[in-house]
Amino acid sequence: MNRIIFVLALVLVSHINALAQAPFYQDKTLRFVAGYGAGSVDDAWTRLIARYLGKYIPGNPNIIVQNMPGAGAMIAANYVYKVAKPDGLTLGGIRGGLYFDQLVGRKEVQFDWTKFTWLGSPTQVEQLIYIRANTPYKTIHDVRKAAVPPKCGATGTSSTGYYVGNLLEETLGAKFITLTGYKDGPEVELAVEREEVQCRGISIETLFGREPLISWFKNGFVRILVQTGKKRDPRLADVPTIWELMNEHKTPEVGKRLATIILAVGAFGRPYVSSPGLPPERAKIIQTAFKKTLNDPDFQAQAKERKLEIEPVTGEELETLAREVIAQPPEVIERMKRLLEK
């Protein structure tokens, strides 16, 4: 009898030890909260990453994607920061420009940009503004001289169409009227088709990454007015950069400094975060899995097939950049307020 009890005790202890050693993510479901609608380039990135990330997380959790669009990903960012438990089971796909809203003190912001757990970005993003070709605005110079500004559509104040348009007015005197409140990018494109608006700010990757934009550009339905990179994208060799235009029009140095802060959003790319206060070991697990996912040959092949351009930024790099962009002097913040609250 004693021998039987001893064996049973050994089995029980072994089972308890096995449970203690099981990875945290084993038999768990990890959720991506995506701050944009289905069908966008951001959503394509999130769903592709979700397919591969679990492969590199000990315990191989199930991963699901939940779209939570609205206010330029503000709703999703607030949710991940304030509502989701800091247990490493909720990740967020948000917009790089959300730090603008914190800097200017928007009441809707419920996060501290510097305190997210930064996981990384699969790419860096340069922006552009396109406009319907049947409008009288053939170049950015036409916009500068226009008595009636063109109307652009945007999802929120952190979206490209909003801040790039306002930056062009602040630095070059090229005024755009931006209508916000659209649910997602495809809804803005429907508004462009209906001629409710004439233009939109998007990433270069989006222009060449999905329909109807690929066809719109190829068929001449839209033209590109300006791009934000320091160098012209080879595919847009005839489109001036904002930096060229600022030099041409002798934009004051303070305007150029403002552009530097605003356009730092490109380095954030398409950022992924988790809640603040995540246990360091779990943050490290997700950050490492994120890096390995982006280096996975099959993942890279799938990204190429979908015309998604990999130019990764690590979580550590995003964390450093987050601190840098938030640490601005009062005079720069005042300029940003004027720019973003037009």
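These points describe one sheet and one cavity in a predicted model.

1. The sheet is open and has 5 strands, in the order β7-β6-β8-β5-β9. Its pairing is mixed. Strands of a sheet are held together in pairs by backbone hydrogen bonds, and a pair may be parallel or antiparallel.

2. Two strands form the edges of this sheet: β7, residues 177-179, and β9, residues 222-227. Each has a single partner strand, so one side of each has no neighbour in the sheet. From one strand to the next, the twist averages 35°.

3. Strand β8 covers residues 199-203. In the strand order, β8 stands between β6 and β5. With β6 (residues 151-153), β8 pairs in the parallel sense over 2 bridges. In this pair, Cys152 has Cys199 of β8 as its bridge partner. On the other side, β5 (residues 127-132) and β8 run antiparallel and are joined by 5 bridges. There, Gly201 in β8 stands opposite Ile129.

4. Is β8 enclosed or open to the outside? Buried here means under 20% relative accessible area. By that cut-off, 5 of the 5 residues of β8 are buried, so the strand is largely enclosed by the rest of the structure. The residues point in two directions: Cys199, Gly201 and Ser203 go one way, while Arg200 and Ile202 go the other way. Residues pointing either way are buried.

5. Strand β5 also pairs with the edge strand β9, in the antiparallel sense and over 5 bridges. One residue to look for in this pair is Leu128, whose bridge partner in β9 is Gln227.

6. Helix α6, residues 160-172, lies across β5, β7, β8 and β9. The helix runs at about 90° to β5.

7. How many cavities of 30 Å³ or more are counted? The count is 1. The space in this largest cavity is about 360 Å³. Its lining consists of 31 residues, and those that lie nearest its centre are Asp42, Arg95, Gln127, Thr160 and Arg270.

8. Which element gives the largest share of that lining? It is β8, with 4 residues. Elements that each supply at least two lining residues are α2 (41-53), α6, α7 (185-193) and β8. Sorted by class, the lining has 15 polar, 10 nonpolar and 6 charged residues. Strand β8 therefore appears twice in this note: as a strand whose 5 residues are buried, and as a contributor to the cavity lining.

Methods. Residues numbered from 1 in each chain as written. Predicted model: local features only at pLDDT ≥ 70, side-chain atom pairs only at ≥ 80, totals over all residues. Heavy atoms only, no water. Buried < 20%, exposed > 50% of the residue type's maximum accessible area, 1.4 Å probe, protein only. Pairing = 2+ DSSP bridges. Axes fitted to C-alpha atoms, helices over the stretch in contact; angles between N-to-C directions. Contact = heavy atoms within 4.5 Å. 1 Å grid on protein atoms, 1.4 Å probe; cavity = no way out; pocket = protein on both sides within 12 Å on 5 of 7 lines; lining within 4 Å. Points joined across faces, edges and corners; volume = space filled by probe spheres on them. Nonpolar A, V, L, I, M, F, W, Y, C, P; charged D, E, K, R; others polar.
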